[in-house]
Amino acid sequence: MTMTVRPSAERGHADHGWLDTHHSFSFAHYFDPLHMGFRALRVINEDVIAPATGFGTHGHHDMEIVTYVIDGALEHRDSMGEHSVIHPGEVQRMSAGTGIRHSESNPSRDNRVKLLQIWLLPAAEGLVPNYEQKLFSDEEKKNRLCPIVTADGRNGALTVHQDVDLYASILESGARIDFALRPGRGAWIQMVRGLVTVNGQPIGDGDGLAAEQVEALAIVADRSSEFLLFDLA
């Protein structure tokens with residue numbers, strides 16, 4: 001059994017003024033050969049974008065990109081003609097495939113926006129770029145694992161081109177969730193906020209936890225908590 005905590009305070013960090021960002025894995029100017037990703041999970045960035053600023057138009061290819069907004073709102077525009085504003089509870093999945101250009105900005109002049117930017121390696125290269133967005137209510141996540149992105153789009157989840165199931169959960173203090181891992185698979189838990197114990201191991205705001213060769217995870221909330229759980233091949 002292997003469980004490894006990625007403490008929030010040890011993540012890569014950059015403060016660009018308009019963007020305050022923490023990197024769980026190597027990204028941009030932050031490089032750590034010990035933290036290059038976990039299985040197909042390549043990037044988890046916790047981004048805080050100042051009012052009326054954002055990422056200008058830039059390109060991606062051959063990557064599955066998931067955006068999970070925590071606070072505020074994020075405006076999205078891309079070369080497929082898509083335009084939307086993503087609010088807390090809404091999840092966007094964009095397959096960059098053969099190439100896509102997009103911008104992400106904070107439309108508010110008063111409030112910051114906080115989000116998780118997640119990149120997954122696709123199962124195949126050269127896919128046709130496409131995009132999905134959906135709201136998952138707090139009630140759907142309350143004291144359960146709500147599938148928000150899966151390979152087969154089951155139960156209303158967004159569809160991703162990789163053998164991964166991504167769940168979101170909001171646990172009330174004292175609530176417990178048990179999750180069984182199929183043989184050969186690994187799990188990554190990313191804390192959004194709060195404090196939980198996973199098989200007795202505490203993790204809090206911004207922490208990550210990798211689990212391999214583990215049959216099951218027992219997740220107990222020490223206080224009201226929100227987290228993402230990736231089940232990866």
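Ala 187 stands opposite Asp 231 in strand β22. That is in a predicted model, so everything I say today is about a prediction. I start with this pair since Asp 231 gives us a way into the strand.

Asp 231 also has a partner in another strand: its bridge partner there is Asp 165. Now the strands themselves. β17, residues 186–193, is joined to β22 by 7 bridges, and the two run antiparallel. β15, residues 164–171, pairs with β22 over 8 bridges, again in the antiparallel sense.

How many of the residues of β22 are buried? The strand covers residues 225–232, and 8 of the 8 are buried, so β22 is largely enclosed by the rest of the structure. As for the directions, Ser 225, Phe 227, Leu 229 and Asp 231 point one way from the strand. Glu 226, Leu 228, Phe 230 and Leu 232 point the other way. Please note that Asp 231 and Glu 226 are on that list, and both are buried.

Next, a histidine. His 102 is in strand β10, which spans residues 100–105. Is His 102 buried or exposed? Its relative accessible area is 2%, and the cut-off for buried is under 20%, so His 102 counts as buried. Its side chain makes a polar contact of 3.2 Å with the side chain of His 60. His 60 is also among the residues in contact with His 102 once neighbours within four places in sequence are left aside. The others in that set are Gly 56, Thr 57, His 58, His 76, Arg 77, Asp 78 and Met 94.

Last, two backbone details, both in loops. Which residue has a positive phi of about 60° although it is not a glycine? That is Ala 52. Ala 52 is found in the loop between β4, residues 41–49, and β5, residues 54–60. With a relative accessibility of 42%, Ala 52 counts as partly exposed.

The other one is Asn 155, again not a glycine, with a positive phi of about 55°. Where does Asn 155 lie? It is in the loop between β13, residues 146–150, and β14, residues 158–159. Asn 155 has a relative accessibility of 68%; the cut-off for exposed is over 50%, so Asn 155 counts as exposed.

To go back over the main points: β22 is buried in 8 of its 8 residues, and it pairs with β15 and is joined to β17. His 102 is buried and has a side-chain polar contact with His 60. Ala 52 and Asn 155 have positive phi values.

Terms used. Residues numbered from 1 in each chain as written. Predicted model: local features only at pLDDT ≥ 70, side-chain atom pairs only at ≥ 80, totals over all residues. Heavy atoms only, no water. Buried < 20%, exposed > 50% of the residue type's maximum accessible area, 1.4 Å probe, protein only. Helix = DSSP H or I, 4+ residues; strand = E, 2+ residues; numbered from the N terminus. Pairing = 2+ DSSP bridges. Polar contact = N/O pair within 3.5 Å; in protein donor to acceptor, adjacent residues only side chain to side chain. Contact = heavy atoms within 4.5 Å.
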